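The following exercises concern one protein structure with its ligand. Each task is followed by a worked solution.

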Amino acid sequence: MNILLLGYGKMGKIIGEIAESRGHLIAGKINIENSEELNSLDPKSIDVAIEFSQPDAAFENISWAINRKIPVVSGTTGWLDKKPSIEALALEKKTAFFYASNFSVGVNIFFRINRFLAGLMKDQNDYSVSMEEIHHTEKKDNPSGTAITLAEAIIEENPNIRNWKSADESSKVENSLVITSKRIDPAPGTHIVRYQSEIDDIEISHTAYSRKGFALGAVLVAEWIKDKNGVLTMDEFLSF
Ligand SMILES: NC(=O)c1ccc[n+]([C@@H]2O[C@H](COP(=O)([O-])OP(=O)(O)OC[C@H]3O[C@@H](n4cnc5c(N)ncnc54)[C@H](O)[C@@H]3O)[C@@H](O)[C@H]2O)c1
């Protein structure tokens, strides 16, 4: 398979290594400095684009590929207000678009546990829920995309929680889930969901030891979506 890497930073480099170790060819390694190289690529020679760039670049990168009917696997966080228009474009162009805020299998199992626990806790009014996420200091968005996915599931399962807010926001909103973001090197990603009462705490957490799990997940998804169409998700990929 010929893979185009849109974004060749920390994630793009590991994805490239894993893809090559699985027998794939890298058709291009695009960064902010060499993005004009896109013009010299033959879109027909590219089977899938894997996009891990930056919040302000994701929409343009993904649109470039989808407009050329190249299936896209995207993991960039912090640009999701524009995701619905990308999904519509993928349907219009009859190609595939796959987004996950987190490509690690372990985190996706953690997502399931989080949703199950949120359902159990919805009538337990003595507990308040909060979240903490820890990432390296170069991370641009805050809170993490993974934390937002966790928070959205809790809000869906528990009608008492109306929204989420960052711990550094000064406004006090009743029934909000507060997310505390810490930036400490070299943390690749820790997420903790905590239910606290006067009597006890219940806590679930996931800690990534490296970026390998995210990168391998992205390559496996790229192999899976190559000949598919439409907007696809991690739940479908993992058959959850
Ligand atoms: N979904 C997941 O599982 C997952 C896991 C880890 C990281 N991420 C996210 O992936 C993204 C990338 O993470 P990273 O650690 O590799 O970041 P990074 O800063 O190391 O790399 C980002 C790269 O994007 C490039 N870039 C910027 N503008 C560009 C443009 N216009 N066109 C092409 N490339 C451009 C930069 O040159 C840089 O090399 C972040 O949003 C991060 O939050 C997601």
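**Exercise 1.** How do the residues of the lining of the second largest pocket divide into nonpolar, polar and charged?

*Solution.* The model is predicted: local features need pLDDT of at least 70 and side-chain atom pairs count only at pLDDT 80 or more, whereas totals for chains, interfaces and linings use all residues. Residues are numbered from 1 along each chain as its sequence is written, and side-chain values use heavy atoms, with hydrogens and water left out.

Step 1. Fix the classes: Ala, Val, Leu, Ile, Met, Phe, Trp, Tyr, Cys and Pro are nonpolar, Asp, Glu, Lys and Arg are charged, and the others, Gly among them, are polar.

Step 2. Fix the pocket: on a 1 Å grid over the protein atoms alone, it is an open set of points where a 1.4 Å probe fits, with protein on both sides within 12 Å along at least five of seven lines, and lining residues have an atom within 4 Å of a point.

Step 3. Assign the lining: 14 residues are nonpolar, nine polar and eight charged. Nearest the centre of this pocket, which 31 residues line, are Y99, S101, F111, T149 and E152.

Step 4. Locate the contributors. Helices (H or I, at least four residues) and strands (E, at least two) are DSSP runs numbered from the N terminus. α5 gives the largest share of the lining, six residues. Elements supplying at least two residues each include α3 (83-93), α4 (105-121) and β11 (230-232).

**Exercise 2.** Describe the largest pocket and state what sits there.

*Solution.* Step 1. The volume, the space filled by probe spheres set on grid points joined across faces, edges and corners, is about 1100 Å³ for the largest pocket. Among its 48 lining residues, F52, S53, Q54, P55 and T76 are the closest to its centre. Two or more lining residues come from each of α1 (10-21), α2 (58-67) and α5 (145-157).

Step 2. The ligand sits in this largest pocket, a status that requires more than half of its atoms to lie within 2 Å of the grid points.

**Exercise 3.** Which residues surround the ligand most closely, and which polar contacts does it make?

*Solution.* Step 1. With a heavy atom within 4 Å as the criterion, 23 residues surround the ligand, and K10, M11, N31, T77 and F103 are the closest. By class, this shell holds nine nonpolar, eleven polar and three charged residues.

Step 2. Apply the polar-contact limit, a pair of N or O atoms within 3.5 Å. A side-chain N or O atom of T77 is 2.7 Å from a ligand oxygen. Backbone N or O atoms also take part: that of G75 lies 3.2 Å from a ligand nitrogen, and that of I32 lies 3.3 Å from a ligand oxygen.

Step 3. The ligand alone exposes 870 Å², of which the protein buries 86%, by the Shrake-Rupley method with a 1.4 Å probe.

**Exercise 4.** Identify unusual backbone geometry.

*Solution.* Step 1. Most residues other than glycine have a negative phi, and most peptide bonds are trans.

Step 2. The bond from N142 to P143 is cis, with omega near 0°; P143 belongs to the loop between β6 (128-135) and α5. D185 and P186 are likewise joined by a cis peptide bond.

Step 3. K69, in the loop between α2 and β4 (72-74), has a positive phi near 60°.

Definitions and conventions:
A polar contact is a pair of N or O atoms within 3.5 Å; within protein, one must be able to donate a hydrogen and the other to accept it, and residues adjacent in sequence count only if both atoms are side-chain atoms.
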